[in-house]
Amino acid sequence: MVHNHAGLFLLRVCAMTKERRIAVIGGGASGLAAAWRLEQAGVRAVVYEQSSNVGGLLDTASLGGVKLDTAVQLLSSTYTRLFELATECGVRALLVRASGRDAMWRKGTAQEITYGNVPSMVTSGALPTLLKLRLGAKYLPFLTMQAGALDANDPASSGGGAFDMESIATWGAREVGEDFVEYLAYPLLAAYYGSPPEATSASFYHALARVGMDVEVYAVHGGMSALAAGIERALVTRGAVVRTGVAVSAVAQQDDAWIVAADGVTESFDAVIVATPPHVAHALLAAVPAAHALRAWLGQMDTRPAATIGVVLEGGMRAQYFGVSFPRVDSPGDRVVALALQQNKPAGLTPPGMSAVVVFPSPDAVARIATMNAADAMAFIAPSLESVYPGIMARVRASEVYAGDARYRSLAPGFVRRIQELRNVSMPKGLAVAGDYTMAPTVEGAVRSGERAAAAVLMTG
């Protein structure tokens, strides 16, 4: 929806001719954070978002009478800048503490476990005994002493390069054992980042594990979209212009001005923040000669499609855990890596008598499922679902595939180094890029990148 009709928008532009105006292309977490910091600095932000709603991966879908979060499921207590943003925008109350209670499929059953809770990890049947002994004797001390400074939301600024040139599969098999790779590294990385351990920097995994030693998790009441919509409302109240359903086709530099072309209309701005996926930013800046070095860096950012499957069920689920993950060494891990039970989040998403599950495909299956319709996708994953919850397919009332182009970022060895290289890239005056790929593939990384981009363009004024 467009919050400012064309006539009202033109009147406001005329009234602000002496004000500094900055375009923010992309209304995901990074773009919203950038716009908020600009407005706080007294600069008018104009946000362009090609989708019908802001939020990006903070997405909640309505399906068959329930709501479900299609991408981001929970928020970490380490997301300090996101929590600050929510507080300033008046929507902090939407963030509700969740139990962190999960499960892992092992020996034909779901073994409950609370990750990050040492007593739970020691007593749970989710992990092999030898692995638990090695975790206590070697990996937990390693995280405390050698990886204690790592920040999963900003690895490039927290010494994250120390283990960056080796995969966590190689490091883990050598230092802890194969069970470490299969039962700890694979389920986490495959479910939430679409990245198998063999293609993930050891530094990034260590940073995630370090955070997991002491973390709380939060759901969003009404779903992740409610958080994004709340930030959007706060922006509009401050005077920002938020244009949804508007696709930007190109960005150009003309003397000291930046020209943004969108839906056949061009506008001039004092600066521009491109808060889009890297391949989109690369294309948008094709007509900016001064952005040659930046486009070369953007062109090296590998991305892959992502997909989840939403499934609405008649009746409730007896399980008390929120998520259950599947090691690839144990069926049904070949097609599905995790299930997220929406009714077990304190978010008010499912009405009584109904339940919903978000299915995360295994990395090998994501690209295939991303091109399927709902019926074919359900047929593909049905054996996996039935092996976990016998009879579940007879209870399905609705299903949908939620696919996104280029949502997954490459976390391969050298991941932290590639982020660090951006600091040395020559940037045209008045231009900044933002997005989780410039900092860390987390919501917090996106927020921090947006704030950093806002600070950069404000300094050029």
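The legends below accompany several close-up views of a predicted model.

**View 1. Confidence along the predicted chain.** The protein chain has a mean pLDDT of 92, and 96% of its residues reach 70 or more. Over residues 1-18, however, the pLDDT is below 50, and in the model this stretch has 23 contacts beyond near neighbours in sequence.

**View 2. The largest nonpolar core and the elements that supply it.** This core holds 45 residues, and those that touch the most other members are Leu38, Leu75, Leu227, Ile231, Ile273 and Val443. At least two residues each come from strand E1 (21-25), helix H2 (29-40), strand E2 (44-49), helix H3 (80-88), strand E9 (217-220), helix H9 (224-238), strand E14 (271-274) and helix H15 (443-459). The element that gives the most is H2, with seven residues. A second core, separate from this one, is made of 37 residues, including Ile113, Ala126, Leu135 and Ile168.

**View 3. The surroundings of isoleucine 273.** Isoleucine 273 is among the members of the largest nonpolar core that touch the most other members. When neighbours within four places in sequence are left aside, the contacts of isoleucine 273 are Ile22, Ala23, Val24, Ile25, Ala34, Leu38, Ala432, Ala434, Ala453, Ala454 and Val457.

**View 4. Helix H5, its kink and its cover.** Helix H5 (residues 129-145) has 17 residues and spans 24 Å from its first C-alpha to its last, close to the 24 Å expected at 1.5 Å a residue. Within H5 there is nevertheless a kink of about 50 degrees, and leucine 135 is at its centre. Leucine 135 also belongs to the buried residues of H5, which are Leu131, Lys132, Leu135, Tyr139, Phe142 and Leu143. An α-helix has 3.6 residues a turn, so residues three or four places apart point the same way. The cover over the buried residues of H5 includes helix H4 (118-123), helix H6 (168-175), helix H7 (178-193) and helix H8 (202-212).

**View 5. Serine 124 in the loop between H4 and H5.** Serine 124, which lies in the loop between these two helices, counts as buried because its relative accessible area is 6%, under the cut-off of 20%. A polar atom of the serine 124 side chain lies 2.9 Å from the backbone nitrogen of alanine 126. Apart from neighbours within four places in sequence, serine 124 is in contact with Gln111, Glu112, Ile113 and Lys132. Of these residues, Lys132 is listed among the buried residues of H5, while Ile113 is included in the second nonpolar core.

**View 6. Arginine 448 in helix H15.** Arginine 448 is found in helix H15 and, at 17% relative accessibility, it counts as buried. The side chain of arginine 448 makes a polar contact, at 2.9 Å, with the side chain of aspartate 151. With neighbours within four places in sequence set aside, arginine 448 is in contact with Thr78, Thr80, Arg81, Asp151, Asn153, Asp154 and Met439.

**View 7. Proline 361 in strand E18.** Proline 361 has its place in strand E18 (residues 354-361) and is buried, with a relative accessible area of 1%. Although proline 361 and threonine 308 are 53 residues apart along the chain, their C-alpha atoms are separated by 6.6 Å. Threonine 308 is also in the list of residues that contact proline 361 from beyond four places in sequence, which reads Ala190, Ala307, Thr308, Arg335, Val336, Val337, Val366 and Ile369.

**View 8. Two residues with positive phi, lysine 107 and alanine 406.** Most residues other than glycine have a negative phi. Lysine 107, in the loop between strand E7 (102-106) and strand E8 (109-113), has a positive phi near 55 degrees, and this residue is exposed, with a relative accessible area of 67%. Alanine 406, which lies in strand E19 (residues 396-409), has a positive phi of about 65 degrees, and alanine 406 is buried, with a relative accessible area of 2%.

**View 9. Valine 236 in helix H9.** Valine 236 lies in helix H9 and is partly exposed, with a relative accessible area of 24%. The C-alpha atoms of valine 236 and asparagine 117 are separated by 41 Å, and the two residues are 119 residues apart along the chain.

Notes:
Residues numbered from 1 in each chain as written. Predicted model: local features only at pLDDT ≥ 70, side-chain atom pairs only at ≥ 80, totals over all residues. Heavy atoms only, no water. Core = buried A, V, L, I, M, F, W, Y, C linked by side-chain atoms within 4.5 Å. Buried < 20%, exposed > 50% of the residue type's maximum accessible area, 1.4 Å probe, protein only. Helix = DSSP H or I, 4+ residues; strand = E, 2+ residues; numbered from the N terminus. Contact = heavy atoms within 4.5 Å. Expected span 1.5 Å × (residues − 1). Bend = angle between axes of the 7 residues up to and from the residue. pLDDT = per-residue confidence, 0-100. Polar contact = N/O pair within 3.5 Å; in protein donor to acceptor, adjacent residues only side chain to side chain.
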